[in-house]
Amino acid sequence: MNPINVTLLFSREHYVAAVQAYLRGIAPDTINTIPDKTLLAFAEHGKLGAVLPFDGGYGDAVLEEFRHEGVDDEALAQRLQREGVEAFAQSWRALLARIEEKTL
């Protein structure tokens, strides 16, 4: 599949929903939490590529190349998970605080 250019044809809300649906098709059974700002920037400048293969394609070979170059993928995965949890928790606390402000 060749990359395609994405054009804004609908309102922002419809467009965001359409791109999110397309991205779910590229990587089925994944959770996508792209912020709207990032998604809209992608809509203006990004290009979509091929669908990820169900078997992971040559991902193992790519990881092996990284390891060969000295990247500790286990440590990197742990760091990304930790930072992701911290970022989510911060956003969650901010959301709850905003809800509390609105209800008081």
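**Salt bridges and a nonpolar patch around helices H3 and H4**

Glu-64 has a relative accessible area of 45% and is therefore classed as partly exposed. In this predicted model, the side chain of Glu-64 meets that of Arg-67 in a salt bridge, with an N to O distance of 3.1 Å. The two residues both belong to helix H3 and stand three positions apart, so that about one helical turn separates them. Arg-67 is likewise partly exposed, its relative accessible area being 36%.

Arg-67 has a further partner in Asp-73, since the side chains of these two residues are joined by a polar contact of 2.9 Å. Asp-73 is found in helix H4, and with a relative accessible area of 17% this residue falls under the 20% limit and is therefore counted as buried. Taken together, Glu-64, Arg-67 and Asp-73 are linked in a network of salt bridges. Side chains of opposite charge can pair when their charged atoms come close.

The residue that precedes helix H4 is also of interest. Asp-72 is located in the loop between H3 and H4, and its side chain reaches the backbone nitrogen of Ala-75 at a distance of 3.1 Å. With 47% relative accessibility, Asp-72 is classed as partly exposed, whereas Asp-73 is buried.

Other charged pairs are found within helix H4. Arg-79 forms a salt bridge with Glu-83, in which the closest N and O atoms are 2.7 Å apart; both residues lie in H4, four positions from one another, or about one turn of the helix. Each of the two partners is partly exposed, Arg-79 with a relative accessibility of 46% and Glu-83 with a relative accessible area of 34%. Another salt bridge in H4 pairs Glu-101 with Arg-98, the closest N and O atoms being 3.0 Å apart. Here the partners are three residues apart, so they are again separated by about one helical turn. Arg-98 has a relative accessible area of 44%, which places this residue in the partly exposed class. In total, the model contains four salt bridges.

Helices H3 and H4 also contribute to a nonpolar feature of the surface. Leu-63, Phe-66, Val-71, Leu-76 and Leu-80 form a nonpolar patch there, and their accessible area together amounts to about 410 Å². At least two residues of this patch come from helix H3, which spans residues 59-68, and at least two from helix H4, which spans residues 73-103. One of the patch residues, Leu-76, is placed in helix H4 and is partly exposed at 38% relative accessibility, a value that meets the requirement of over 30% for patch members.

Across the protein chain, four helices and two strands are assigned, and their order along the sequence follows the pattern β-α-α-β-α-α. The chain has 104 residues, of which 12% are buried. The accessible surface of the chain comes to about 8900 Å², and 59% of that area is supplied by carbon and sulfur atoms. Among the contacts with a separation of 6 or more, 58% are made by residues 24 or more positions apart.

Confidence varies along the model. The average pLDDT of the chain is 77, and 69% of the residues score at least 70. Among the elements, helix H4 has the highest mean pLDDT, at 91, while the lowest, 41, belongs to strand S1, which covers residues 4-5. Over residues 1-10 the pLDDT stays under 50, although the model has 20 contacts beyond four places in sequence for this segment. Where pLDDT is low, the predicted coordinates should not be read in detail. The salt bridges of Arg-79 with Glu-83 and of Glu-101 with Arg-98, by contrast, involve residues of helix H4, the element with the highest mean pLDDT in the chain.

Methods
Residues are numbered from 1 along each chain as its sequence is written. This is a predicted model: local features need pLDDT of at least 70, side-chain atom pairs count only at pLDDT 80 or more; totals for chains, interfaces and linings use all residues. Side-chain values use heavy atoms; hydrogens and water are left out. Patches are made of residues with over 30% relative accessible area and no salt bridge: like charges are joined within 9 Å, nonpolar side chains (Val, Leu, Ile, Met, Phe, Trp, Tyr) within 5 Å. Accessible areas come from the Shrake-Rupley method with a 1.4 Å probe; for residues, only the protein chains shown count as cover. Buried means under 20% relative accessible area, exposed over 50%, partly exposed in between (1.4 Å probe, protein chains only). A polar contact is a pair of N or O atoms within 3.5 Å; within protein, one must be able to donate a hydrogen and the other to accept it, and residues adjacent in sequence count only if both atoms are side-chain atoms. pLDDT is the predictor's confidence in each residue, from 0 to 100. Contact means heavy atoms within 4.5 Å.
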